[in-house]
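Me: I'm new to this one. Can you walk me through the model, one question at a time?

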Amino acid sequence: MILKTKQSSDIPFSEVTPEHVYHSRREFMKAAAVGAIGAGAGGVLSAMPELEAAQGLKSTRNPKFIATDQLNTFEEITTYNNFYEFGTDKGDPARNAHTLKTTPWKVKVDGMVNKPGDYGIEDLINFNALEERVYRHRCVERWSVVIPWIGVSLSDVLKKVDPQPSAKFVEFTTLQRPSEMPGQRTGVLEWPYVEGLRMDEAMHPLTMMVVGLYGKVLPNQNGAPLRVHIPWKYGFKSGKSIVRIRFTDKMPATTWAIQAPSEYGFYANVNPSVPHPRWSQARERRLPNFLANTPTLLFNGYGDQVASLYAGMDLAKYY
């Protein structure tokens, strides 16, 4: 008889346990095992390896997309970030996002697309082809980090649903669930959060659909279970906890452009020569350093790959 060992890549994403649930469940199982001696404790303990494996995401590092900057730590990445659905303080997402339920999860695909429908994450992501890419992440508030994301090219996801030739933009909508996202009980932004890209930006090889970081399932506070990342743009362009992907021939009305159009444009390309109305973008704070002593790079240092997308455009006008 041949026994097949179940690998982490064989475990459906819908069965992957969010880390905060995993830790609480593990403690429960430890306690149960202590009290279950002589009463089937082996059955409890046998589940432990699978839960351990469920926390890892098997991926292959893609050498084409590896920033040489020093990585930030897992703790730095997951305890200091923006996710206004859980509060406006940088520590609010880590404090409050445990309330988010990420299973089951469906993504509505509609608009100018040949295969519309409600998709599970496993329908959109090939979990046998996950890549690790080390990308710089630059926030419009001038802080930056370097993150080992895990996911696939967004283009691979979009090709599965077959956008129509008439689609010029793709729009991403974040979950709206105030019972689990306390920041949505405030009027700080117009909910749900909406972002978008031109189709050529979305199909660019650098653009990722992300399901994890640092070898782990994506934490709630970082946009679980599904987010995008566009490394040459300011962080607010990278929609989190995505529940809708819509294809359109018109530029989407995006959340921050609605909220403060003089401060946040649709393109949001990292540009040291285009200041925010309230501060310069010429330098940045590379966490954990809180001094703005790192020069900001045009397109966040990815100009060789993406500058051609904007040839002839006035980058100060189309900010």
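Me: Let's start with Asn222. What does Asn222 touch, leaving out residues up to four places away in sequence?
Reply: Asn222 touches Ile77, Thr78, Asn81, Leu213, Arg227 and Lys240. Keep in mind that this is a predicted model.

Me: Where is Asn222 found?
Reply: Asn222 is in a loop. That loop runs between strand 9 (216-217) and strand 10 (227-229).

Me: And is Asn222 buried or exposed?
Reply: Buried. Its relative accessible area is 3%, and buried means under 20%.

Me: Lys240 was on that contact list. Which residues lie nearest the centre of the largest pocket?
Reply: Lys240 is one of them. The others are Asn82, Phe83, Cys139 and Phe236. The whole lining has 30 residues.

Me: How much space lies in the largest pocket?
Reply: About 480 Å³.

Me: What classes of residue make up its lining?
Reply: The lining has 16 nonpolar residues, eight polar ones and six charged ones.

Me: Which strand gives the most to that lining?
Reply: Strand 5, residues 143-153. It supplies four residues.

Me: Switching to sheets. In what order do the five strands of the open sheet come?
Reply: The order is 3-2-11-6-7. The pairing is mixed.

Me: Which strands stand at the edges, and what does that leave them without?
Reply: Strand 3 (117-120) and strand 7 (194-198) are the edge strands. Each has a single partner strand, so one side of each has no neighbour in the sheet.

Me: How far are neighbouring strands turned against each other?
Reply: By 20° on average, with direction ignored.

Me: What packs on this sheet?
Reply: Helix 7, residues 154-161. It touches strand 2, strand 3, strand 6 (169-174), strand 7 and strand 11 (242-248). The direction of helix 7 makes about 70° with that of strand 11.

Me: Back to strand 3. How many bridges join strand 2 to strand 3?
Reply: Four. Strand 2 covers residues 106-111, and the two strands run antiparallel.

Me: Which residue in strand 3 stands opposite Lys106?
Reply: Gly120.

Me: Now the whole chain. How many helices and strands does the protein chain have?
Reply: There are 10 helices and 13 strands.

Me: What share of the protein chain is buried?
Reply: Buried residues make up 52% of the 319 residues.

Me: And what share of the contacts with a separation of 6 or more joins residues 24 or more positions apart?
Reply: Those pairs account for 72% of such contacts in the protein chain.

Note on methods
Residues numbered from 1 in each chain as written. Predicted model: local features only at pLDDT ≥ 70, side-chain atom pairs only at ≥ 80, totals over all residues. Heavy atoms only, no water. 1 Å grid on protein atoms, 1.4 Å probe; cavity = no way out; pocket = protein on both sides within 12 Å on 5 of 7 lines; lining within 4 Å. Points joined across faces, edges and corners; volume = space filled by probe spheres on them. Nonpolar A, V, L, I, M, F, W, Y, C, P; charged D, E, K, R; others polar. Pairing = 2+ DSSP bridges. Axes fitted to C-alpha atoms, helices over the stretch in contact; angles between N-to-C directions. Contact = heavy atoms within 4.5 Å. Buried < 20%, exposed > 50% of the residue type's maximum accessible area, 1.4 Å probe, protein only.
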